[in-house]
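Thanks for sending this one over. Here are a few friendly notes to read alongside the model.

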Amino acid sequence: PAEIKYCNGHWILTHDNITKSNSHDNECNWLVRSPKTPGFDLLEVSGSWQMWVGAIEQTEASITRNGCEDDDDCNLNGSCSSKGVCECDKDDEGVEYFGTHCEVKIKDGCRAIIDEGSGSEWSTDALPTWAPNDVFETYSRPSYFYTKRDLPDGQDPLEAPDKDDLALLYSGGRWFTIAMAQSRDEAYAEYWVWQSSNYHAFWSEALTPGVTRYVSDVTTKSTPVGTDFFEIGKPGQQFAPFGLELIPAQNVTGRGFFRCNNACIFCSDGFSVDDEFVVPDSNNATCAGLRDYLDFQLAEQQGSYLCRQIQLAEQVCCPSNITV
């Protein structure tokens, strides 16, 4: 595992198996290091850090303690226990909270999501038999599993092998859709419990051909909803940041690839008019404003009164793409 330690006046992130050179003589073999500081409290370090990426670059680091002293430290979405650990609310008016400080939330309406490409369905409740909890988590985010199984040959949009699970996991900065080989075989259950609980895109070789179907843009959102995703394409030195071609998966850049299942749909293929076109008789609401409102609501259901009222604006915002 990686280690954070104090060395020669800096706090450093180091890993025994990752070095900057072939020489292993330097005890401060850092990958990331803080500004020089006499302080021995990691949480008090301020200023830009340095990161090694083949050359030294400046970066920002945010480090917080993972405990709590009172309910405020749990973002008032849970309570601070006598052990100094946040116990997050599990059913607060249709919202469940996760994370060391209960900072991550998922609405009941977004426990199942659907992509706008193949229409594949994913759910936090479609747990593999080896999953240890009611909601499986990675990096404090709920994990989603592919649910459209047991389809006739040729009708599975993602062509998932019978003995494999497809999982949508958070890596700390991006979401990865990965194939979990042989995960439905009990002999591999213990391996996948450990692998998923300790998921790391690099060590898990997430960019190996055939392992990852989609990768998201960088995000800190609680769920994949509203974040752009990319299909993995061909390798090439001109492609950054992974050395692989990233092909946009969503119809419109910026609208995200996944939506809450049965969420209200509004102009899914984009607008026929300018984003800031003011919808008549709408109290100065714009097409983009209505779309952004629904993106903020996330779980507004298709067919609800509010959804139907907003969809009336499709007649002027996207007349060729009216939701039926």
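1. A good place to begin is W49, whose bridge partner in β5 is T59. Please keep in mind as you look that this is a predicted model. The strands around this pair, β4 (residues 49-52) and β5, run antiparallel and are joined by 4 bridges.

2. Follow the chain from β4 into β5 and you pass through a hairpin with 3 residues between the strands. Do have a look at G54 in this hairpin: its phi is positive, near 95°.

3. Stepping back, where does β5 sit in the sheet as a whole? The sheet is open and has 5 strands, in the order β1-β2-β3-β4-β5, with antiparallel pairing. β5 (56-59) is an edge strand, and so is β1 (3-7); each of them pairs on one side only.

4. Further along the sheet, β2 (residues 10-14) pairs with β3 (residues 32-33) in the antiparallel sense, and 2 bridges connect them. If you would like a residue to click on here, try L13, which has V32 as its bridge partner in β3.

5. My last point concerns T37, which lies in the loop between β3 and β4. Is T37 buried or exposed? Its relative accessibility is 17%, and because buried means under 20%, T37 counts as buried. Which residues does T37 contact, once neighbours within four places in sequence are left aside? They are Y6, G9, W11 and V45. Of these, Y6 falls in the edge strand β1 (3-7), while W11 belongs to β2 (residues 10-14).

Terms used: Residues are numbered from 1 along each chain as its sequence is written. This is a predicted model: local features need pLDDT of at least 70, side-chain atom pairs count only at pLDDT 80 or more; totals for chains, interfaces and linings use all residues. Side-chain values use heavy atoms; hydrogens and water are left out. Two strands pair if DSSP finds at least two bridges between them. Buried means under 20% relative accessible area, exposed over 50%, partly exposed in between (1.4 Å probe, protein chains only). Contact means heavy atoms within 4.5 Å.
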